[in-house]
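Reader: I am in my first year and would like to look closely at a single part of this structure, the aromatic rings and what surrounds them. Could you take me through that part slowly, giving the reasoning as you go?

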Amino acid sequence: MNLFYFLKGLVIGFSVAAPVGPIGILCINRTLSKGRLHGFVSGLGAATADALYGCIAAFGLTFITTFLLTQKIWLQLIGGLFLCYLGVQTFRSQPAEHAAAAKGGGLLRSYTSVLFLTVTNPMTILFFIGFFIGVFSGVGISKSAFDVASALTMVTGVFLGSACWWLSLSFSISLARSKFTNNSLIWVNRISGAVVLAFGIFALYKLL
């Protein structure tokens with residue numbers, strides 16, 4: 001049964017990471033401008049947030065879930081403003097001639113910025129709540145059979161599935177980096193920045 005939970009978590013983690021939204025745009029841009037390791041580590045920030053919210057939903061942490069849902073307007077406001085900031089920064093950034101060296105500080109910033117951005121997205125927790133409800137009702141599993149070990153196994157699968165997607169994305173994008181000229185990378189930054197900024201403005205617009 002634990003293998004079943006792991007495989008289900010693996011598929012869900014991969015699927016939730018795959019749609020190319022603002023996180024995907026940022027990771028693609030960082031892979032092109034800083035190298036595959038920065039792109040992958042950025043993706044790990046999103047995978048960590050997915051696993052965190054998966055834990056909250058799986059273990060039924062009602063207090064934390066209720067708090068996050070009641071504060072979703074503030075979370076969306078903070079996330080929208082942060083997206084706008086990253087969009088402007090990306091738009092204005094100049095491409096490096098070579099991939100940046102993998103320094104600890106730079107990698108940490110890449111990781112924490114995406115982690116923060118994903119955590120402030122209230123739709124993530126809503127998704128995982130719906131996902132775990134579906135586990136109980138959709139596959140004929142009683143809640144009593146879903147113990148701590150099962151929950152941890154599923155959340156591990158979610159994290160690894162998400163991480164696999166970011167690894168494959170950063171690696172495949174890095175293979176094409178040599179084909180981009182400096183001028184084309186400038187336009188990649190501008191387009192990426194504009195798209196991320198548009199996501200931020202849309203998130204703020206939905207608050208009106």
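Author: Tryptophan 165 has a relative accessibility of 17%, which is under the 20% cut-off, so this residue counts as buried. Please keep in mind throughout that the model is predicted. The count of aromatic pairs comes to three. In one of them, the rings of phenylalanine 14 and tryptophan 165 have centres 5.5 Å apart and planes at 85°, and because an angle over 60 degrees is called edge-to-face, that is the name this pair receives. Phenylalanine 14 belongs to helix α1 (residues 2-17) while tryptophan 165 belongs to helix α8 (residues 148-175), so the pair ties together parts that are 151 residues apart in sequence. The partner of the buried tryptophan has another label, since phenylalanine 14, at 35% relative accessibility, counts as partly exposed.

A further aromatic pair is formed by phenylalanine 82 and phenylalanine 116, and it too is edge-to-face, with 5.0 Å from centre to centre and 85° between the planes. Distant parts of the chain are linked here as well, for phenylalanine 82 sits in helix α5 (residues 72-92) and phenylalanine 116 in helix α6 (residues 104-119), 34 residues apart. With a relative accessible area of 18%, phenylalanine 82 is buried, whereas phenylalanine 116, with 36%, is partly exposed. Ring pairs also bring in a tyrosine, joining Phe82, Tyr85 and Phe116 into a cluster.

Helix α5, which holds phenylalanine 82, deserves a look of its own. This helix has 21 residues and reaches 30 Å from its first C-alpha to its last, close to the 30 Å expected at 1.5 Å a residue. Its buried residues include Phe82, Leu83, Cys84 and Leu86, together with the glycines Gly79, Gly80 and Gly87. For cysteine 84 the relative accessibility is 14%, which is why it counts as buried, while cysteine 55, with a relative accessible area of 24%, is partly exposed. A search of the whole structure for disulfides finds zero.

From the rings we can turn to the nonpolar interior. The largest nonpolar core has 19 residues, and those with the most contacts inside it are Ile23, Leu86, Leu117, Trp166 and Val196. At least two residues of this core come from each of α2 (22-34), α3 (36-58), α5, α6 and α8. To see how one of these residues is placed, consider isoleucine 23, which, leaving aside its neighbours within four places in sequence, is in contact with Ala46, Val114, Leu117, Thr118 and Trp166.

Helix α8, where we began with tryptophan 165, also carries two serines, namely serine 170 and serine 174. At 3% relative accessibility, serine 170 counts as buried, and a polar atom of its side chain lies 3.1 Å from the backbone oxygen of leucine 167. Although serine 170 and leucine 37 are 133 residues apart in sequence, their C-alpha atoms are 7.6 Å apart in space. Once neighbours within four places in sequence are left aside, serine 170 is in contact with Thr31, Arg36, Gly39 and Phe40. Serine 174 is likewise buried, with a relative accessible area of 14%, and a polar atom of its side chain lies 2.7 Å from the backbone oxygen of phenylalanine 171. Not counting residues up to four places away in sequence, serine 174 touches Thr31 and Arg36, and both of these are also among the contacts of serine 170.

One more phenylalanine leads back to helix α8. Phenylalanine 59 is found in the loop between α3 and α4 (62-70), and with a relative accessible area of 32% it is partly exposed. Residues up to four places away in sequence aside, phenylalanine 59 touches Val148, Ala151 and Leu152. Its C-alpha atom is separated by 9.0 Å from that of leucine 152, which is 93 residues away along the chain.

Finally, these details can be set within the whole chain, which has nine helices and zero strands. Buried residues make up 44% of its 208 residues. Of the contacts with a separation of 6 or more, 90% are between residues 24 or more positions apart, and the pair of phenylalanine 14 and tryptophan 165 has shown us parts 151 residues apart being tied together.

Methods
Residues are numbered from 1 along each chain as its sequence is written. This is a predicted model: local features need pLDDT of at least 70, side-chain atom pairs count only at pLDDT 80 or more; totals for chains, interfaces and linings use all residues. Side-chain values use heavy atoms; hydrogens and water are left out. Rings of Phe, Tyr and Trp (its six-membered ring) pair if their centres lie within 6.5 Å; planes under 30 degrees apart count as stacked, over 60 as edge-to-face and the rest as tilted. Helices (H or I, at least four residues) and strands (E, at least two) are DSSP runs, numbered from the N terminus. Buried means under 20% relative accessible area, exposed over 50%, partly exposed in between (1.4 Å probe, protein chains only). A disulfide is a pair of cysteine sulfur atoms within 2.5 Å. A polar contact is a pair of N or O atoms within 3.5 Å; within protein, one must be able to donate a hydrogen and the other to accept it, and residues adjacent in sequence count only if both atoms are side-chain atoms. Contact means heavy atoms within 4.5 Å. The expected span of a helix is 1.5 Å times one less than its number of residues. A nonpolar core is a set of buried Ala, Val, Leu, Ile, Met, Phe, Trp, Tyr and Cys residues joined through side-chain atoms within 4.5 Å.
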